[in-house]
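Trainee: Got a minute to go through this one with me? I'd like to start with the strand pairing and see where we end up.

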Amino acid sequence: LHSNCIEFHQAANLISFPSLPLNGLSDIPECIDGIIGEGIGAANIDGSWIGSLTELSCEDGYWMKNSCDDFEWCYDGMDCYDEMIYTAHTGNNLISYPFDECCEITDVIPDDVQECIFAIAGEGMATLQTNSGWVGSLNALCPNEGYWFVSVCDMEFSYNECTNNGRKIVELNTPPYEYYQSSKQ
């Protein structure tokens with residue numbers, strides 16, 4: 001078992017699971033009233049999940065809509081990371097990030113995979129692959145976060161082990177201005 005905590009703010013949250021809740025969708029807090037994945041979704045109607053999303057996946061990212069105030073959800077789950085292999089198609093791919101710490105994009109994504117990625121978007125931040133490298137507000141991938149990988153080719157990959165080489169990655173948690181995240185990003 002692996003304990004994990006995810007912080008939710010009111011409205012849409014782009015997340016992933018480093019461990020899957022033991023009872024699947026029935027473990028999702030009642031404040032979450034909708035989940036959207038890549039091409040699938042479910043709504044919590046009177047305590048029952050209805051829609052094409054019937055189970056959570058370690059490899060996928062999800063938009064989860066919180067209808068309550070900000071809260072932290074802690075749960076026990078089955079650990080996901082075991083040399084996960086991601087399959088990405090040309091276009092937009094909503095995927096997870098499996099590690100327990102933030103790592104720079106250039107360290108955690110293999111070089112040959114970086115060549116296939118046009119852009120990566122997280123919740124409220126993004127980066128674009130240019131001839132000069134990655135440019136944008138997103139420079140590291142972090143735990144419990146989901147990401148849109150915009151791929152220019154079909155590929156299979158595994159993340160490089162997150163080592164950070166002694167560097168500390170700082171993620172800004174509080175934006176200077178209030179905003180409401182939307183799944184229509």
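Trainee: Which residue is the bridge partner of Ile35 in S7?

Mentor: Met64 is the partner of Ile35 there. Bear in mind that this is a predicted model.

Trainee: How many bridges join S4 to S7, and in which sense do they run?

Mentor: There are four bridges between S4 and S7, and the two strands are antiparallel.

Trainee: And what stands opposite Asn13 in S7?

Mentor: Met64 again: Asn13 faces Met64, and Ile35 is bridged to Met64 as well. Asn13 belongs to strand S2. S2, residues 11–16, pairs with S7 over six bridges, in the antiparallel sense.

Trainee: Is S7 mostly covered or open?

Mentor: Mostly covered. S7 spans residues 61–66, and five of its six residues are buried.

Trainee: Back to Asn13. Buried or exposed?

Mentor: Asn13 counts as buried because its relative accessibility is 2%, and the cut-off for buried is under 20%.

Trainee: So what does the side chain of Asn13 reach?

Mentor: It reaches the backbone oxygen of His9 at 2.9 Å. A polar atom of the Asn13 side chain also lies 2.9 Å from the backbone oxygen of Ala11.

Trainee: What else does Asn13 touch, not counting residues up to four places away in sequence?

Mentor: With those set aside, Asn13 touches Glu7, Phe8, Tyr62, Trp63, Met64, Asn66 and Glu123.

Trainee: You mentioned Ala11. What is its phi?

Mentor: Positive, about 95°, and Ala11 is not a glycine. Most residues other than glycine have a negative phi. Ala11 sits in strand S2 and is buried, because its relative accessibility is 16%.

Trainee: Where is Asn144, and what is its phi?

Mentor: Asn144 is in the loop between strand S15 (140–141) and S16. Its phi is positive, about 65°, although Asn144 is not a glycine. Asn144 is buried too, with a relative accessible area of 11%.

Trainee: Staying with S16, where does Tyr147 lie?

Mentor: Tyr147 is in S16 itself, which covers residues 147–151. Tyr147 counts as buried because its relative accessible area is 3%.

Trainee: Which backbone atom lies 2.8 Å from a polar atom of the Tyr147 side chain?

Mentor: The backbone nitrogen of Cys142.

Trainee: And what is Tyr147 in contact with, leaving aside neighbours within four places in sequence?

Mentor: A long list; among them are Leu14, Asn93, Leu94, Ile95, Tyr97, Ile120 and Leu138. Cys142 is on that list as well.

Trainee: How far apart are Tyr147 and Asn93, in sequence and in space?

Mentor: They are 54 residues apart in sequence, with 8.0 Å between their C-alpha atoms.

Trainee: What share of contacts in the chain joins residues at least 24 apart?

Mentor: Among contacts between residues at least 6 apart in sequence, 76% join residues at least 24 apart.

Trainee: Different topic: Asp76. Where is it found?

Mentor: In strand S8, residues 71–79. Asp76 counts as partly exposed because its relative accessible area is 38%, and that class lies between 20% and 50%.

Trainee: What does the Asp76 side chain make a polar contact with?

Mentor: With the side chain of Ser3, at 2.6 Å. Leaving aside neighbours within four places in sequence, the contacts of Asp76 are His2, Ser3, Leu20, Pro21 and Leu22.

Trainee: How far is Asp76 from Leu1?

Mentor: They are 75 residues apart in sequence and 6.2 Å apart in space, C-alpha to C-alpha.

Trainee: Which residues form the nonpolar patch on the surface?

Mentor: Leu1, Leu22 and Met78, with about 350 Å² of accessible area together. Leu22 lies in the loop between S3 (19–21) and S4 (32–36). Leu22 is partly exposed, with a relative accessible area of 45%, so it passes the requirement of over 30% for a patch.

Trainee: Last thing, the whole chain. How many helices and strands does it have?

Mentor: Two helices and 17 strands. The chain has 185 residues, and 44% of them count as buried. Its accessible surface comes to about 10000 Å², of which 49% belongs to carbon and sulfur atoms.

Key:
Residues are numbered from 1 along each chain as its sequence is written. This is a predicted model: local features need pLDDT of at least 70, side-chain atom pairs count only at pLDDT 80 or more; totals for chains, interfaces and linings use all residues. Side-chain values use heavy atoms; hydrogens and water are left out. Patches are made of residues with over 30% relative accessible area and no salt bridge: like charges are joined within 9 Å, nonpolar side chains (Val, Leu, Ile, Met, Phe, Trp, Tyr) within 5 Å. Accessible areas come from the Shrake-Rupley method with a 1.4 Å probe; for residues, only the protein chains shown count as cover. A salt bridge is a side-chain nitrogen of Lys or Arg within 4 Å of a carboxyl oxygen of Asp or Glu. Buried means under 20% relative accessible area, exposed over 50%, partly exposed in between (1.4 Å probe, protein chains only). Contact means heavy atoms within 4.5 Å. A polar contact is a pair of N or O atoms within 3.5 Å; within protein, one must be able to donate a hydrogen and the other to accept it, and residues adjacent in sequence count only if both atoms are side-chain atoms. Two strands pair if DSSP finds at least two bridges between them.
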